[in-house]
Amino acid sequence: MLKMGGKVIEVKAVSPAEKGLIFSLTDAQSLPLVLRSERGFLARHLNPPVGFAHYFCFDESVVHSLPESSSYSLLPEEFSHLGDGDVVRVSADLRAIRVLFRKSSLHNSVLLTERCNHYCLMCSQPPKPHDDSYIFDEVEKLITLIPRQTPELGFTGGEPTLEAERFLRILRLCKSYLPSTAIHVLSNGRAFSNPAFTSAYAAIDHPDLMVGIPLYSDDPDRHDYIVQAQGAFDETIRGILNLKRARQKVEVRVVLHKQSIPRLVPLAEYISRNLLFVDHVALMGLEMMGFARANLDVLWADPYDYRAELSQAVQVLSRSGINVSIYNHPLCLIDRSVEFAYRKSISDWKNDFPHECSQCARRSDCGGFFSSGVQHKYSERLRPFS
Amino acid sequence: MRTERLEFSSQAYSIEAAQKAAYRGLDKFTVHISTHEGSLVCELSLNLGVSEEQLPLLVQEFKKDILDESLREKIGAATSDVRNLILGIAFSRTNLSG
Amino acid sequence: MFRSADSYASEGNVELLPFRFNRLLSGAYLLTNLVGEHVVTSREILEDLVSGQLNRDLPIFADLRAKHFLRFDGETTPLELLALKVRTRSARLAQFTNLHIFVVSLRCDHSCPYCQVSRQSEDRAAFDMTPEIADKALDFCFQTPNRAVKIEFQGGEPLLNFDLVKYIVLRAKEINEHEGRNLEFVIATTLSLLTDEILSFCREHKILLSSSLDGPKDLHNKNRPRPGQDSYQRFCEGLTRAREWLGFDRVGALMTTTQASLPRVREIIDEYVRLGFDGIFLRPLSPYGFAIKTKGYQSYNVSKWLDFYKEGLSYIIELNRSGVPFVEQFTAIVCSKIFTNTDPGYVDLMSPSGIGIGAVVFNYDGNVFASDESRMLAEMGDHSFRLGHLLEHTYEDVMLSDSLLDALERSFTLSAPMCSDCAFEPFCGADPVYHHATQADPVGRKPESGFCQRNMGVFEHIIDLTSNDPEVKSLFLGWASRC
């Protein structure tokens, strides 16, 4: 597991900002002077080049070798994974940093807000009600710092569409600054039940934009229970329909746990009859973070025990011509017959393996586990391949 | 030729239900339908070439069919408006497919 | 902090959405909604559903809600979804006629007893289509609004008038240069008269060949006599050659089921497997040319055919289980109607009927027919489904003719007695030509109809298999998706 945020040892900022400082990092020793004034330098050796806005150091001696009036952060060893092109934010109180973007990662995901109108039983990012619209300001800046060749970028929350205008503005900025970057938004889709909002979204005419929308059951009551919001199912379906009328790309996401497994196959049939036009269906393993840990007793289901339902659901969907993927599951707990849908999917920074897997011959094919899973709860039926 | 006479309450069953049930069985028998003092009377006659042994079973099936036709009437009454509504939506919109 | 599942239970009145039901032979009830989604349940549940007493905690309640058999008062999303599905199911109608059959000659080297049309003759003038007729037929062809146009050559034996086949293919492609349709050619042939020249032309123009294989040698030869009694041998040789020239999968085979076939379904399937085909179409017995007016004969045939079909299907399922992928096409088509919203476009199971709308036949003599069976009827003296003549009538005259429109309208299943109430209606079709031939009426009395009895037998069997065996259901879903 990679550390993406946390306390620093020491920060000195010459011109601190009210809301924190955002820097795009580089380790290019001979970067032209004109390009140094806004950037952060990864100082791994003594006497780093002059002129940078902020220096990120891992060693005291390097700090001492800096010019007199330099701004710097002294970081613990866990942040040594940082590299050229990464973007970090130094907190306003100068005590912590957060990695906002990792160039070498395939799965960069940007949080737009912690506010949400759902309260999912298994939420890995439990909602917070306070106004955090300053995050939009930061993200607007972040987009200008992300390398243009970035293949894909995700936006999550909370519920990103709660601030409708700010959300749309972010997407427009992505189209301008990152025209060849595929954008993947995670949303409960309810805002799209408003045709005007969907029109405005479609009008952005982004070249490669998809929204991933969770649907947890074909039974509206069960879905509403899982997301803890009355009327959610109905609005979500309307949102999906509106998006499709406007020719936008839609993915349906299902998190698999004790509340969603019993009607998983009926849900697959529901999707194949009513939402045949969706661009992708993602069947996802449970992440053991946030509310999922608190609700483990109503949520936990061993993937080994639900492999039949999972296989059947995959068959139903793929036979109807829908693209389907299995995410976040150990490979050994999937029926061979549905391996074609299996993806190595866990974000590198969250990925780990328990000790049972140390001798497994197919480790490199396996998506692994959430670090949170290894820590708190994982299947008792792991079967390493020989 | 054996004829089986069945009586049904006109309150509970409509002539239409009897007619439709009779229609379903016309491969094996014909039914003469009439009313008599508040009752619906159905006289079942086996078609030529159909053996008498089959009669009890055919009568049973006819009775089930008349019940089913009554049920169909109820469903039809309850859903004909919404059916027209759905068909109206189906064929009035443009650009529904994504 | 978290509310219970019970607190999210929807409240209020439950309203029924349109659905139909049939009592099955097993005593269970099949319910189908407006677009053919189904549940199998008991009479008790059905009655509770209709009387508004269905227990909302039962899983079947959630099933019925998700499949749009009921909704809560005020919900409009189910209506939108149903409307969308109705629209999808009907979409193919608007595309209109795709298949255009050109009967280029009645002459044939075979004299199959079940064929009503072919002639053993050298007289080209009497039995061949002329270029003039062919030109008119092509003009007609391109009047269809369908972006995809399939031209199928039939006969007799089309290869006996191969010059005209070539003419039509080349002329069609010429016209298509500014029409820009998706053009497809098929020749229905016995494969007994192939030459290198013919194969070369077919390869060049990507023509598919569709042939006849009725079963093992003795059965095939008995069904399909020709001078020398070597139809089977010639078929096998022709098959090998055609596959080499055109590509293994560019040559298909259809079987014709006769009385002699009925006890031998496994052998027939084995023959198809042996020759490398990836599927078979267990076709129904044709009512034409037999003692079609005798009802007793009909129903005997239906029940014997259903045995044939069920045994064949069971054997095919065994083959698949033992690792031999093999499809039964009729089942595949029916499953696509049961399990998907996509119309497979099978002419014999369409409502409104596939006559005219699905296919049109240009006879060698210029007469235009609503279907192949319509042409066969005419050869037996009944011209009820002759729609017009290429040299006398326009496209509009033909496609708007009374004989076509009348038959379409009267046989439309949603307004036919029994059909309109039938739970199988979304899977079934109208066949006015069959009913005209067997009952002298395009609608027919369905309780007496072999078409109806056969179809209901098949539907009930498939629903039974798929409801009880998830593996078979998955297998059939795979077949349906290929349609």
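N328(A) sits in the loop between β15 (324-327) and β16 (351-352) of chain A; helices here are DSSP runs of H or I with at least four residues, strands are E runs of at least two, and both are numbered from the N terminus. That's our way into a predicted model, where local features need pLDDT of at least 70 and side-chain atom pairs count only at pLDDT 80 or more, while totals for chains, interfaces and linings use all residues. Residues are numbered from 1 along each chain as its sequence is written, with chains lettered from A and ligands numbered from 1 in the order in which they are written.

**Backbone oddities**

- Most residues other than glycine have a negative phi, and most peptide bonds are trans.
- N328(A) isn't a glycine, yet its phi is positive, at about 60°.
- N328(A) counts as buried because it has 25 C-beta neighbours inside 10 Å. The cut-offs are 20 or more other C-beta atoms within 10 Å for buried, 12 or fewer for exposed, and anything in between for partly exposed, with C-beta atoms placed from the backbone.
- Q228(A), another non-glycine, also has a positive phi, near 55°. Look for Q228(A) in the loop between α5 (220-227) and α6 (232-245) of chain A.
- With 19 C-beta neighbours inside 10 Å, Q228(A) is put down as partly exposed.
- Over in chain C, the peptide bond from G155(C) to G156(C) is cis, and its omega is near 25°. G156(C) belongs to the loop that runs between β7 (148-154) and α6 (162-179) of chain C.
- S351(C) and P352(C) are joined by a cis peptide bond too, with omega about 0°. P352(C) lies in the loop between α12 (329-339) and β13 (359-362) of chain C.

**Chain A and its two domains**

- Chain A splits into domain 1 (5-101) and domain 2 (109-376), with bounds that come from an automatic or database domain assignment.
- Taken over C-alpha atoms, the centres of domain 1 and domain 2 of chain A are 34 Å apart.
- Where they meet, eight residues of domain 1 of chain A are in contact with nine residues of domain 2 of chain A; a contact means that the C-beta atoms, placed from the backbone, lie within 7 Å.
- On the domain 1 side that touches domain 2 of chain A, β3 (21-26), β7 (87-90) and β8 (96-101) of chain A each chip in at least two residues.
- That domain 1 side divides into four nonpolar, two polar and two charged residues. Nonpolar covers Ala, Val, Leu, Ile, Met, Phe, Trp, Tyr, Cys and Pro, charged covers Asp, Glu, Lys and Arg, and the others, Gly among them, are polar.

**Chain B and where it meets chain C**

- Chain B has two helices and three strands, and they follow the pattern β-α-β-β-α along the sequence.
- A compact globule of 98 residues would have a radius of gyration near 13 Å, but chain B comes out at 19 Å. The radius is taken over C-alpha atoms, and the globule rule is 2.2 Å times the number of residues to the power 0.38.
- The C-alpha atoms of chain B fill a box of roughly 60 × 35 × 15 Å along the principal axes.
- Of the 98 residues in chain B, 21% are buried.
- The contact between the two chains involves 22 residues from chain B and 21 residues from chain C. On the chain B side, α1 (15-24) and α2 (55-92) are the elements giving two or more residues.
- α2(B) gives the most to that side, with 15 residues.
- The chain B side breaks down into twelve nonpolar, three polar and seven charged residues.

**Chain C and two of its helices**

- Chain C packs in 18 helices and 15 strands.
- A compact globule of 483 residues would have a radius of gyration near 23 Å, and the 24 Å of chain C agrees with that.
- Of those 483 residues, 47% count as buried.
- Which residues of helix α15 (residues 402-411) of chain C are buried? They are S403(C), L404(C), A407(C), L408(C) and S411(C).
- Seen down the axis of α15(C), these buried residues fall within an arc of 125°, so they line one face of the helix; the arc is that of the directions from the helix axis to the C-beta atoms.
- Among the elements covering those residues of α15(C) are β15 (386-389), α14 (395-399) and α16 (432-439) of chain C.
- In α16(C), eight of the eight residues are buried, so α16(C) is largely enclosed by the rest of the structure.
- Just after α16(C), A440(C) takes a positive phi of about 60°.
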